[in-house]
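Visitor: I have a structure up on the screen and would like to talk it through. Could you take my questions as they come?

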Amino acid sequence: MANQEKKFQEEKQSLESELARITGQFQETRSRMRDLARSNAEKFRQVWMVNEEEAKALIREALDADRIIHVQQLGMPWEEPRLWFMDNVGPLGGRREKREAMEVATALLEGGIRKFLGIFLRVPS
């Protein structure tokens with residue numbers, strides 16, 4: 001009986017030390033994951049900002065070309081469309097913004113600048 005109790009005490013001690021070791025590993029891993037998530041989020045934001053500036057510059061060029069075509073070639077008045085995303089800085093936050101961003105990308109890829117501008121000349125619902 002005493003031998004069995006001693007065996008249980010040793011096993012209990014062994015399990016407690018293993019629990020402490022695993023708990024420490026878990027906390028260290030969780031800390032590393034949080035640091036990595038913060039680092040990745042910052043890298044994502046930096047890449048987004050660079051790409052956003054490049055995209056805005058290309059959009060400005062396209063709008064300038066559209067203005068020149070309207071005024072000089074077609075003799076039509078041109079009014080710059082109000083594009084909400086040109087005022088945006090940084091990654092999009094809301095679902096609506098993401099959906100509208102996908103519409104922009106789809107319109108540009110499928111229909112060119114006319115369809116692209118058509119999306120933003122609609123009255124938002």
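Visitor: Which residues of helix 1 are buried?

Guide: This is a predicted model, and in it the buried residues of helix 1 are Glu52, Lys56, Ile59, Leu63, Asp66 and His70. As general background, an α-helix has 3.6 residues a turn, so residues three or four places apart point the same way.

Visitor: How far apart are the end C-alpha atoms of helix 1, and what span should its residues give?

Guide: Helix 1 covers residues 2-73, and at 1.5 Å a residue those 72 residues should span 106 Å. The end C-alpha atoms are 103 Å apart, which agrees with that expectation.

Visitor: And what follows helix 1?

Guide: Gly75 follows helix 1, and its phi is positive, near 65°. Met76 lies in the loop between helix 1 and helix 2, the latter being residues 95-121.

Visitor: Is Met76 buried, partly exposed or exposed, and why?

Guide: Met76 counts as partly exposed because its relative accessible area is 40%, and partly exposed runs between the 20% and 50% cut-offs. Together with Ile69 and Leu74, Met76 forms a nonpolar surface patch that has about 270 Å² of accessible area.

Visitor: Switching to the whole protein, how many helices and strands are there, and what share of residues is buried?

Guide: The protein has two helices and zero strands, and 16% of its 125 residues count as buried. The protein exposes about 10,300 Å², with carbon and sulfur atoms supplying 57% of that area.

Visitor: What about contacts between residues at least 6 apart in sequence?

Guide: Among those contacts, 58% join residues that are at least 24 apart in sequence.

How values were computed. Residues numbered from 1 in each chain as written. Predicted model: local features only at pLDDT ≥ 70, side-chain atom pairs only at ≥ 80, totals over all residues. Heavy atoms only, no water. Helix = DSSP H or I, 4+ residues; strand = E, 2+ residues; numbered from the N terminus. Expected span 1.5 Å × (residues − 1). Buried < 20%, exposed > 50% of the residue type's maximum accessible area, 1.4 Å probe, protein only. Contact = heavy atoms within 4.5 Å. Areas by Shrake-Rupley, 256 points an atom, 1.4 Å probe, with all protein chains shown as cover. Patch = residues over 30% accessible without salt bridge, like charges linked within 9 Å, V, L, I, M, F, W, Y side chains within 5 Å. Salt bridge = Lys/Arg side-chain N within 4 Å of Asp/Glu carboxyl O.
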